[in-house]
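Student: Got a minute to go through this one with me? I'd like to start with a backbone oddity and then move on to the packing.

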Amino acid sequence: TSGSTPLNVQVTTPQVDLTQVLASTVKLEFRSSWQRDLDHQAEAFVTFDTGANQTLLSWTGAEADHYSKLFRFEIAVPVIGASKMNATFTYQGTNGYFWSLDDVVVVGVPSCAVNNPCNGGTCVQSAHDYTCDCTGTDYEGAFCDIPRRLDEPVVLLDETFNQLPLFCAIDENTKRGSAHFTLDPPQFWEVDNSNMGTGGNEEFRGWSFM
């Protein structure tokens, strides 16, 4: 078509639901290919259901050519009232050269209060992110979405006795000569040597730990 044909066009995304994410984390990104012409103008902006809007970019014909360039914008969602958003791209000038868009994406960090992303785990929210606590579930991983393997059981008790303070032998001191036993069990362990007979080495009379 003729390069002198005037044009004034725009394209608008469907409404994006913002209620599932933290307002402070919303971002819009897209890939842009632009071949400039002196009388061309382009603009990208977002509009909220409150009526507020935010301009993301405004180009004239002086904007340098680029191809498949990634642009990413942080969206200032109004604190009160905004629950939906549209993105609009406008292009004005004459029908020569082009502006093309691809991979238009709106992202945000899930809100624990609205949409728990942790597959039954506990969603722990921070100002700009969240973590998943999988305690009490049959899953693990960043989103509690990986089934725990049966051959990798949860450790419920692990006592090696290596941290116990040891003492020198009593009856075998001349043979041992160094700290190597204790009659005191690990914390919360219970020992009952009440039915043990008399005689024998003191350090080995009943349960002892080495």
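Student: First up, is Asn119 buried, partly exposed or exposed?

Tutor: Keep in mind that this is a predicted model. Asn119 comes out as partly exposed, because its relative accessibility is 41% and the cut-offs are under 20% for buried and over 50% for exposed.

Student: OK, and where does Asn119 lie?

Tutor: In the loop between β8 (98-107) and β9 (122-125). The backbone there is what caught my eye: Asn119 has a positive phi of about 55°, though it is not a glycine.

Student: Why bother flagging a positive phi?

Tutor: Because most residues other than glycine have a negative phi. Phe188 is another case, with a positive phi of about 75° and again not a glycine.

Student: Where is Phe188, and is it buried or exposed?

Tutor: Look in the segment after β14 (179-181). Phe188 is exposed, since its relative accessible area is 73% and over 50% counts as exposed.

Student: Switching to the inside. Which residues touch the most other members in the largest nonpolar core?

Tutor: Val46, Phe48, Ile75 and Trp99, out of 23 residues in that core. At least two core residues come from each of β3 (27-35), β4 (41-48), β5 (53-59), β6 (66-74) and β7 (84-94).

Student: Let's zoom in on Phe48. What is it in contact with, leaving aside neighbours within four places in sequence?

Tutor: Phe48 contacts Leu18, Asn53, Ile75, Ala76, Val77, Pro78, Ala82, Lys84 and Met85.

Student: And what about another core, apart from that one?

Tutor: There is one of 9 residues, and its members include Val109, Cys112, Cys118 and Cys144.

Student: How do the strands pair up? Say, how many bridges join β3 to β6?

Tutor: 7 bridges, with the two strands running antiparallel. For a landmark, take Trp34, whose bridge partner in β6 is His66. β3 is also joined to β8, by 8 bridges and again antiparallel. There, Arg31 has Asp102 in β8 as its bridge partner.

Student: Back to the outside, then. Which residues form a nonpolar patch on the surface?

Tutor: Tyr67, Tyr97 and Phe98 do, and together they have about 340 Å² of accessible area. Phe98 belongs to strand β8.

Student: So is Phe98 exposed or partly exposed?

Tutor: Partly exposed, because its relative accessibility is 31%. That value also fits the patch rule, which takes residues with over 30% relative accessible area.

Terms used: Residues are numbered from 1 along each chain as its sequence is written. This is a predicted model: local features need pLDDT of at least 70, side-chain atom pairs count only at pLDDT 80 or more; totals for chains, interfaces and linings use all residues. Side-chain values use heavy atoms; hydrogens and water are left out. Helices (H or I, at least four residues) and strands (E, at least two) are DSSP runs, numbered from the N terminus. Buried means under 20% relative accessible area, exposed over 50%, partly exposed in between (1.4 Å probe, protein chains only). A nonpolar core is a set of buried Ala, Val, Leu, Ile, Met, Phe, Trp, Tyr and Cys residues joined through side-chain atoms within 4.5 Å. Contact means heavy atoms within 4.5 Å. Patches are made of residues with over 30% relative accessible area and no salt bridge: like charges are joined within 9 Å, nonpolar side chains (Val, Leu, Ile, Met, Phe, Trp, Tyr) within 5 Å. Accessible areas come from the Shrake-Rupley method with a 1.4 Å probe; for residues, only the protein chains shown count as cover. A salt bridge is a side-chain nitrogen of Lys or Arg within 4 Å of a carboxyl oxygen of Asp or Glu. Two strands pair if DSSP finds at least two bridges between them.
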